[in-house]
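Work through the exercises below with the model open beside you. Try each task before reading its solution.

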Amino acid sequence: MQPTISIPQHWGYPRFALDQRTNQGIILGLYYYPSGTELASEFDEGWRYVLMPNKNSDEISYLQEDQIQPLSPEELFTQITAEIDFYQQQIAIRQQQLAAITGGASNG
């Protein structure tokens, strides 16, 4: 079952999604300043996004939609391919470690 988020109809739909990769980082969260509220009058109404520049960072930034730039399909492909390569290397290392402790026997 997929988790769902309900957005009131009178709010605009967010341009970016949770976990989306952007030039500014990965989107970890989002919140909305509805019109007619003190926050909206002070900071403008609309969506705000919580981003982390990379998964190894504890730095967080809070940006409006117009401050975020999505990755191009080529940039996204490059990032995901690099991540796959990294994890495949990690799997190969763990397989070697398992072979070393089991004397080369496998359960497959």
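The exercises below cover the sheet, the core, a surface patch and one loop of this predicted model.

**Exercise 1. Lay out the sheet.**
Find the order of the strands and say which strands stand at the edges.

Solution.
- Step 1. Trace the neighbours. Four strands form an open sheet, in the order 1-2-3-4.
- Step 2. Check direction. The pairing is antiparallel.
- Step 3. Look for the edges. Strand 1 (21-22) and strand 4 each have a single partner strand, so one side of each has no neighbour in the sheet.

**Exercise 2. Pair the residues.**
Name the bridge partners of Arg21 and Thr22, then count the bridges between strand 2 and strand 3.

Solution.
- Step 1. Start at the turn. Strand 1 and strand 2 are joined by a hairpin through two residues.
- Step 2. Count the bridges here. Two bridges link strand 1 to strand 2 (residues 25-33), and the two strands run antiparallel.
- Step 3. Assign the partners. Thr22 pairs with Gly25 in strand 2. Arg21 pairs with Ile26 in strand 2.
- Step 4. Move across the sheet. Seven bridges hold the antiparallel pairing of strand 2 and strand 3. At one position, Gly29 stands opposite Val50 in strand 3.

**Exercise 3. Assemble the core.**
List the residues of the largest nonpolar core and find which element gives the most.

Solution.
- Step 1. Recall the general trend. In soluble globular proteins, nonpolar side chains tend to be buried together.
- Step 2. List the members. The largest nonpolar core has eight residues: Phe16, Ile27, Tyr32, Trp47, Tyr49, Leu51, Leu63 and Ile68.
- Step 3. Sort by element. Strand 2 and strand 3 are the elements that give two or more residues to this core.
- Step 4. Pick the top contributor. Strand 3 gives the most, with three residues.

**Exercise 4. Read the loop between strand 3 and strand 4.**
Are Ser57 and Ile60 buried, partly exposed or exposed?

Solution.
- Step 1. Place both residues. Ser57 lies in the loop between strand 3 (46-52) and strand 4 (61-64). Ile60 is found in the loop between strand 3 and strand 4.
- Step 2. Apply the cut-off. Buried means under 20% relative accessible area. Ser57 has 19% relative accessibility, so Ser57 counts as buried.
- Step 3. Repeat for Ile60. Its relative accessible area is 35%, so Ile60 is partly exposed.
- Step 4. Find a contact of Ser57. A polar atom of the Ser57 side chain lies 2.9 Å from the backbone nitrogen of Glu59.
- Step 5. Find the patch that includes Ile60. Leu28, Ile60 and Tyr62 make a nonpolar surface patch of about 290 Å².

Terms used:
Residues numbered from 1 in each chain as written. Predicted model: local features only at pLDDT ≥ 70, side-chain atom pairs only at ≥ 80, totals over all residues. Heavy atoms only, no water. Buried < 20%, exposed > 50% of the residue type's maximum accessible area, 1.4 Å probe, protein only. Polar contact = N/O pair within 3.5 Å; in protein donor to acceptor, adjacent residues only side chain to side chain. Pairing = 2+ DSSP bridges. Patch = residues over 30% accessible without salt bridge, like charges linked within 9 Å, V, L, I, M, F, W, Y side chains within 5 Å. Areas by Shrake-Rupley, 256 points an atom, 1.4 Å probe, with all protein chains shown as cover. Salt bridge = Lys/Arg side-chain N within 4 Å of Asp/Glu carboxyl O. Core = buried A, V, L, I, M, F, W, Y, C linked by side-chain atoms within 4.5 Å.
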